[in-house]
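Subject: Structure for you to look at

Hi,

Here is the structure I said I would pass on. Have a look at it first, and then read my notes below.

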Amino acid sequence: MATQRERDAAEYLKKHRITELMDDMMSMLLFHRPENLREFLIEYLKQLKEAKESDVRGPNLFHSSNLDVIFGFLKPANQTSITFSQYKHALAMLGLKDFNECPEGANEDRISRETFKTEAMDALQRSSATYAHI
């Protein structure tokens, strides 16, 4: 059974999304492999703070071209859309939890490439701009 201190620590980690922040920082480090780790992390945290305080895009490993590739893997040959289920699965696989549950085309079960990319980028932006107290 967890002690009160352990429960408080777990609540603090969850409230401030520290686990997600650390995961993102680690991913960025492994992807970019900077020579100066400290400088890189300081710049990363500054970009997160700027993204949180304004509507600028925060640091992110995924770009439009990456989303094109993901969409291409999901859609059947000769189709121009993916199903709503594929849309939700793809965003979940990207680690996104806060995404539009009713995007354009959901009622018809046809999500276009542009809708997928727009919704994914919006969710990625929200994800990287919501760390508390940075």
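What follows is a walk through what turned up, from the overall layout down to single residues.

One thing to keep in mind from the start: this is a predicted model.

**The overall layout**

Let's begin with the big picture. The protein has six helices and two strands. If you start at the N terminus and walk along the chain, the order is α-α-α-α-β-α-β-α. In other words, four helices come before β1, and α5 sits between the two strands in that order.

For the dimensions, the C-alpha trace spans about 55 × 40 × 25 Å along its principal axes. The chain has 134 residues, and 29% of them count as buried. The accessible surface of the protein is about 9300 Å², with 54% of it belonging to carbon and sulfur atoms.

Now for how the chain folds back on itself. Take the contacts between residues at least 6 apart in sequence: 64% of these join residues at least 24 apart.

**Charges**

How many positive and negative side chains does the protein have? There are 18 positive and 21 negative ones, and the centres of the two sets lie 3 Å apart.

There is also a negative patch on the surface, made by E39, E43, E50 and E53. Pick out E50 if you want one member to look at: E50 is in helix α3 and is partly exposed, at 45% relative accessibility.

**The salt bridges**

This is the part I'd click on next. The count of salt bridges comes to two, and D68 takes part in both of the pairs described here.

The pair to start with is D68 and R113, whose closest N and O atoms are 3.2 Å apart. D68 lies in helix α4 and R113 in helix α6 (residues 113-128), so this salt bridge ties together parts that are 45 residues apart in sequence.

The other pair is K117 and D68, where the closest N and O atoms are 3.1 Å apart. This pair also links distant parts of the chain, with K117 in helix α6 and D68 in helix α4, 49 residues apart. Put together, D68, R113 and K117 are linked in a network of salt bridges.

Are these residues buried, partly exposed or exposed? D68 is partly exposed, at 26% relative accessibility. R113 is partly exposed too, with a relative accessible area of 28%. K117 has a relative accessibility of 12%, so it counts as buried, the cut-off being under 20%.

**Two residues with a positive phi**

Next, look at the backbone in two of the loops. Which residue between α4 and β1 is worth a click? N78 is found in that loop, and β1 covers residues 81-82. N78 has a positive phi of about 65° although it is not a glycine. At 77% relative accessibility, N78 counts as exposed, because the cut-off for that is over 50%.

D109 has a positive phi as well, of about 60°, and is not a glycine either. Look for D109 in the loop between α5 (84-93) and β2 (111-112). With 38% relative accessibility, D109 counts as partly exposed.

**L61 and its surroundings**

L61 sits in the loop between α3 (37-53) and α4 (64-74). It is partly exposed, with a relative accessible area of 28%.

Which residues does L61 touch, leaving aside neighbours within four places in sequence? They are S27, M28, F31, H32 and N66. For a sense of distance, compare L61 with A2: the two are 59 residues apart in sequence, and their C-alpha atoms are 36 Å apart in space.

**M26 in helix α2**

Last stop: M26, which lies in helix α2 (residues 18-32). At 49% relative accessibility, M26 counts as partly exposed, since exposed would need over 50%. M26 and L41 are 15 residues apart along the chain, and their C-alpha atoms are separated by 9.7 Å.

If you only have a few minutes, I'd go to the D68, R113 and K117 network of salt bridges and then to the positive phi of N78.

Have fun with it!

Methods. Residues numbered from 1 in each chain as written. Predicted model: local features only at pLDDT ≥ 70, side-chain atom pairs only at ≥ 80, totals over all residues. Heavy atoms only, no water. Buried < 20%, exposed > 50% of the residue type's maximum accessible area, 1.4 Å probe, protein only. Contact = heavy atoms within 4.5 Å. Areas by Shrake-Rupley, 256 points an atom, 1.4 Å probe, with all protein chains shown as cover. Lys, Arg positive; Asp, Glu negative; His and termini not counted. Charge placed at Lys NZ, Arg CZ, Asp CG, Glu CD. Patch = residues over 30% accessible without salt bridge, like charges linked within 9 Å, V, L, I, M, F, W, Y side chains within 5 Å. Salt bridge = Lys/Arg side-chain N within 4 Å of Asp/Glu carboxyl O.
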